[in-house]
Amino acid sequence: MASLWRYLLGGLGLAALLAGVLAVVYLTAPHAPQPSSDVGRSKTTANKLFVATFEPEKGVIRQGELESWLLTLNTVHGAPVEGAAITISGGMPQHKHGLPTSPQATDYLGAGRYRIDGVKFTMSGWWQLHFAISAAAGSDTVVFNVVL
Amino acid sequence: MSRFSSLLVLVVVAVLAGWGRPEFSDAERQTIASLALSRLPPLKPDTTNRFADVPAAAALGSTLFFDTGMSGDGTVSCSTCHKIDRQFQDDLPQAIGVGRTNRRTMPLAGVAHDPWFFWDGRRDSLWAQALTPLENPLEQAGNRAAFAHYIKARFGERYERIFGPLSDLSSVPANASPLGTDAEKAAWNAMPASQAEEVNRVFANIGKAIAAFERSIAPPQTRFDRFAIDVAAGAEPKGDAAFSPEEILGLKLFIGKANCVTCHNGPRFTDGSFHNTGVPPVAGLPPDRGRVDAVRQVEADPFNCFGAFRDGDASACRELRFMVKAGPELVRAYKTPSLRGAATRPPYMHAGQFSSLDEVVAHYSKAPASVEGTSEIHPLQLSDRERAALVAFLKTLAE
């Protein structure tokens with residue numbers, strides 16, 4: 001009887017060891033590249049002309065809804081950028097397709113804030129929005145990642 | 001010793017019992033919850049159709065929907081293809097109205113939630129959609145002047161109670177339309193502009209009444225929804241809500257490795273958007289390039305949201321305003337269909353290309369290249385068992 005329990009305990013110990021090994025393998029396995037390190041809503045543009053902030057106008061993102069977002073542009077010294085011409089493109093890098101809509105900068109709301117209307121994220125995953133910005137200070141680009 | 005051993009037996013039994021139960025990660029649980037019918041938001045008001053939620057308009061729309069008088073030869077109604085006892089579709093690979101069309105009839109449950117209509121989205125409102133088959137020579141094969149006369153003669157009083165007075169149509173030709181035969185086009189072009197506008201207004205109101213009726217067609221709750229409500233609440237599904245191991249495997253594949261949920265998402269199992277998934281064309285049918293041709297059609301439609309017959313203001317036209325108008329992705333892109341009830345309405349795809357769900361799943365597993373444009377899907381290498389499990393899961397959306 002005692003030896004049976006010894007085998008059973010030994011078996012459980014081996015199972016626990018196997019679980020531990022599997023956990024280590026799973027946790028250290030290479031994963032597909034994720035943009036999780038770069039989902040900031042505020043960043044300096046590629047040529048460091050502007051500081052851009054991109055956020056949903058209503059504060060939350062709702063998948064499948066046509067939404068407006070706000071792009072706020074300041075110079076690196078903190079002055080609001082007025083009269084900027086903005087074009088938007090983007091898509092899902094992992095699916096190799098573009099945006100399901102054509103968002104546009106529709107209104108200037110003052111204090112460097114531009115309404116970007118017509119933004120829709122139809123599926124979960126990693127989306128990218130590319131902004132080309134032209135203003136008195138020059139032209140620059142910035143990319144925002146949005147992960148749903 | 002005996003207390004210790006009984007405790008150990010209890011632990012082993014509990015572990016073994018746990019293996020038999022559906023186990024989902026938090027992320028899976030969230031995805032399952034997001035697909036439940038209880039998550040479907042209420043229908044938004046359609047400000048472009050101020051009669052959309054007027055009961056008398058829906059009642060007239062329902063009459064018109066089933067009325068074969070709403071066709072050129074008096075034999076075809078909306079319900080000829082959108083059959084009420086068949087999920088408002090007709091089980092045919094391509095719809096047959098007055099003639100044979102090149103597209104599969106779409107079911108109507110929840111249709112009013114869509115931003116775009118038809119397989120290619122060539123209309124931007126439910127009421128503008130309803131007008132299109134009325135004048136298509138292969139569908140109802142009528143013309144708008146004849147429809148205006150018919151409405152006045154047959155439903156004049158009901159119409160006027162909803163939409164206001166009908167003007168005198170006695171000088172309007174019996175048959176006239178900008179889209180009809182040469183004779184109908186000539187008759188249309190000879191009409192004074194004010195008269196053409198009045199006919200167009202009656203025609204638009206026909207669409208608005210039919211749309212008001214169609215807004216009431218909602219998807220029913222399914223076994224999957226009962227299962228999902230329990231899973232979301234952390235409860236164990238009981239009775240018919242409990243899934244078999246095969247159905248659970250199918251669901252896990254659907255929201256996991258098979259990537260179905262990427263496009264078939266939300267409570268209606270559709271992202272409402274357009275995708276090229278390499279579905280082959282049907283030999284003998286006219287060339288069909290999907291969304292890329294529909295973009296121009298919806299822009300040219302006088303009944304679109306920017307047109308003169310929209311109620312309310314242009315703030316309702318954001319889908320049309322921000323529509324993607326060009327790009328290689330639009331080639332042979334078709335709307336993601338809802339999967340609710342799909343298991344009991346073969347054949348599948350925009351021209352009925354596949355006769356069973358097995359064929360559909362096999363297509364997505366193999367992911368062949370598109371004949372034109374680029375397919376967005378990638379080969380999945382699903383085993384026979386996995387493909388069967390996906391089909392078993394899809395059936396829970398039709399039970």
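**Exercises on a predicted two-chain model**

The buried residues of helix α10 in chain B are covered by elements that include α2 (26-35) and α14 (384-395) of chain B. This is a predicted model, in which local features need pLDDT of at least 70, side-chain atom pairs count only at pLDDT 80 or more, and totals for chains, interfaces and linings use all residues. Residues are numbered from 1 along each chain as its sequence is written, while chains are lettered from A and ligands numbered from 1 in the order in which they are written.

**Exercise 1.** Determine which residues of α10(B) are buried.

*Solution.* Step 1: recall that a residue is buried if 20 or more other C-beta atoms, placed from the backbone, lie within 10 Å of its own. Helices are DSSP runs of H or I with at least four residues, strands are runs of E with at least two, and both are numbered from the N terminus.
Step 2: locate the helix, which spans residues 245-255 of chain B.
Step 3: apply the criterion. Eight of the eleven residues are buried, namely E247(B), I248(B), G250(B), L251(B), K252(B), L253(B), F254(B) and I255(B).

**Exercise 2.** Describe the largest nonpolar core and state which helix supplies its largest share.

*Solution.* Step 1: a nonpolar core is a set of buried Ala, Val, Leu, Ile, Met, Phe, Trp, Tyr and Cys residues joined through C-beta atoms within 7 Å.
Step 2: the largest such core has 44 residues, and F147(B), F203(B) and A209(B) are among those with the most contacts inside it. Two residues are in contact if their C-beta atoms, placed from the backbone, lie within 7 Å.
Step 3: α3 (55-65), α5 (126-135), α6 (144-163) and α8 (193-214) of chain B each supply at least two residues of this core. The largest share, ten residues, comes from α8(B).
Step 4: leaving aside residues up to four places away in sequence, A209(B) touches F51(B), A57(B), L60(B), G61(B) and L64(B).

**Exercise 3.** Summarise the secondary structure of chain A and the share of its residues that is buried.

*Solution.* Step 1: chain A contains one helix and nine strands.
Step 2: along the sequence, the pattern is α-β-β-β-β-β-β-β-β-β.
Step 3: of the 148 residues in chain A, 22% are buried.

**Exercise 4.** State how many residues each chain gives to the contact between them.

*Solution.* Step 1: chain B contributes 16 residues and chain A contributes 14 residues.
Step 2: the predictor gives the complex an ipTM of 0.87 and a pTM of 0.89.

Definitions and conventions:
Buried ≥ 20, exposed ≤ 12 C-beta atoms within 10 Å, placed from the backbone.
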